[in-house]
Amino acid sequence: MGLKVCGINPDLNITPQRRELQPHGTLDFPCAGYAECYSPDPDHALPWHWHDDLEVIYILSGQLTAETPGVRYELAEGDCIAFNGGVLHSANTSTFCEIRSAVFSADLITGGKDTVFAKKYILPLLDCYAFRAFKLDREADAGAIQAFREACNALAAERPGYEFVVRDKLSAVCMALYRHYASDFQQAGPLRSNLDEVRMQQMLTCIQENFSHGLTLADIARAAGIGERECLRCFQKTIHIPPMQYLLKYRIMQGADILLARPDESIAQVAAACGFDSPSNFSQQFRRFYRCTPREYRLRGAARQQP
């Protein structure tokens, strides 16, 4: 399996609910490692998404900005961050960044929901509202950070028995997280997904399912059963971008994907598939976002795919 290159384009691995669809690992070994280089351009940004699995990211070089709704984490070389399952998150960089990451099911650690590992340690951690994302401390969590690096190395090398090493090292990371949040397990708090995030998932669902058609602010707000003003507030508070700007960005990124995935389709066909009213409008917006024309982008993509 080795370390894979992350699929950054949002349409490849993410459902209309912004839930990542791509399976991480296999049913018998639910863990996947990824190696990725980020740069400050639209193709190298991790869009807002969520998945049921835990995710841990280690910064090999450069700087990365990771976000959950309302919280921003500035990460530099040597930093490590963990995301709980079911939490909306995104990442981007203004410079350059090389990362290693692992996305894995809790079942890899627990062996099943009825084990002591699940009942005593992992399930309380997964259900802990305080744990949404956690930047590990370089000193206090040095052992856990090193364990994660060793897990990534094992995933990359795939030597006989590497699965045992990966499970052991990721267990060490989970234990470090458990120690940080154990005191929060018994505290009363809001439901895991707060109301704003539930609404966001509903509105992102509407955008993803209907981006190729005419969508208005009222349509997006209606998907969450709220008014337009509340819709604007929810988007701004949660992912810091207005809904119609998000829709435009998503349509353009969809267009970029289609340009490469369907090389025989004309620019006009791609524009229509992405919900633009004209090829010229699509080309104008595309150029603003990618700093090249759709045709140039397709040619560059084709050149990159050549052996």
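Biologist: How do you know that the length of helix α4 agrees with its number of residues?
Modeller: Helix α4 covers residues 142–157, which makes 16 residues. At 1.5 Å a residue, the expected span is 22 Å, and the end C-alpha atoms are 23 Å apart, so the two values agree. Keep in mind that this is a predicted model.

Biologist: What comes after α4 in the chain?
Modeller: Glu-158 follows α4, and its phi is positive, near 55°.

Biologist: Why is Ala-144 called buried?
Modeller: Ala-144 has 8% relative accessibility. Buried means under 20%, so Ala-144 counts as buried. Ala-144 lies in α4, and the other buried residues of that helix include Ile-145, Phe-148 and Leu-155.

Biologist: Which residues does Ala-144 touch, leaving out those up to four places away in sequence?
Modeller: They are Leu-136, Ala-172, Val-173 and Ala-176. Ser-171 is 27 residues from Ala-144 along the chain, yet their C-alpha atoms are separated by 9.1 Å.

Biologist: And what is Phe-148 in contact with?
Modeller: Beyond its neighbours within four places in sequence, Phe-148 is in contact with nine residues' worth of surroundings, among them Val-56, Tyr-58, Cys-80, Arg-100, Leu-170 and Val-173.

Biologist: What makes a group of residues a nonpolar core?
Modeller: The members must be buried residues of nonpolar kinds, such as Phe, Leu or Val, joined through side-chain atoms within 4.5 Å. The largest such core here has 34 residues, and those with the most contacts inside it include Cys-31, Phe-104, Phe-148 and Leu-170. Elements giving two or more residues to this core include β4 (54–68), β8 (97–104), α3 (116–126), α4 and α5 (162–181). The largest share, 8 residues, comes from α5. Apart from this core lies another, of 23 residues, with Met-200, Leu-204, Ile-239 and Tyr-246 among them. In soluble globular proteins, nonpolar side chains tend to be buried together.

Biologist: What does the whole protein look like in numbers, in helices, strands and buried residues?
Modeller: The protein has 12 helices and 9 strands. Of its 307 residues, 49% count as buried. About 14,900 Å² is exposed, and carbon and sulfur atoms supply 52% of that area. Among contacts with a separation of 6 or more, 72% are between residues 24 or more positions apart.

Biologist: Why is the pair of Arg-132 and Glu-197 called a salt bridge?
Modeller: The N to O distance between their side chains is 2.2 Å. The cut-off is 4 Å, so the pair is a salt bridge. Arg-132 sits in the loop between α3 and β9 (133–135), while Glu-197 is in helix α6 (residues 195–210), 65 residues apart, and the pair links distant parts of the chain. Both Arg-132 and Glu-197 are buried. Side chains of opposite charge can pair when their charged atoms come close.

Biologist: How many salt bridges does the structure hold?
Modeller: It holds 13. One of them joins Asp-219 and Arg-222, with the closest N and O atoms 3.0 Å apart. Both residues lie in helix α7 (residues 217–223), 3 residues apart, about one turn of the helix.

Biologist: Why is Arg-222 called exposed, and what is Asp-219 called?
Modeller: Arg-222 has a relative accessible area of 54%. Exposed means over 50%, so Arg-222 is exposed. Asp-219 has 24%, which falls between the 20% and 50% limits, so Asp-219 is partly exposed.

Biologist: What makes Glu-265 and Arg-262 a salt bridge?
Modeller: Their side chains meet at 3.5 Å, N to O, and that is within 4 Å, so the pair fits. Glu-265, at 22%, counts as partly exposed, and Arg-262, at 39%, is partly exposed too. Elsewhere, salt bridges that share partners join Asp-196, Arg-199, Glu-230, Arg-233 and Lys-237 into one network.

Biologist: How do you know that β3 and β7 pair?
Modeller: Pairing needs at least two bridges. Strand β3 (residues 46–49) and strand β7 (residues 89–92) have 2 bridges, in the antiparallel sense, so they pair. His-49 stands opposite His-89 in β7. β7 also pairs with β4 in the antiparallel sense, over 3 bridges, and Thr-65 has Asn-92 as its bridge partner in β7.

Definitions and conventions
Residues are numbered from 1 along each chain as its sequence is written. This is a predicted model: local features need pLDDT of at least 70, side-chain atom pairs count only at pLDDT 80 or more; totals for chains, interfaces and linings use all residues. Side-chain values use heavy atoms; hydrogens and water are left out. Helices (H or I, at least four residues) and strands (E, at least two) are DSSP runs, numbered from the N terminus. The expected span of a helix is 1.5 Å times one less than its number of residues. Buried means under 20% relative accessible area, exposed over 50%, partly exposed in between (1.4 Å probe, protein chains only). Contact means heavy atoms within 4.5 Å. Accessible areas come from the Shrake-Rupley method with a 1.4 Å probe; for residues, only the protein chains shown count as cover.
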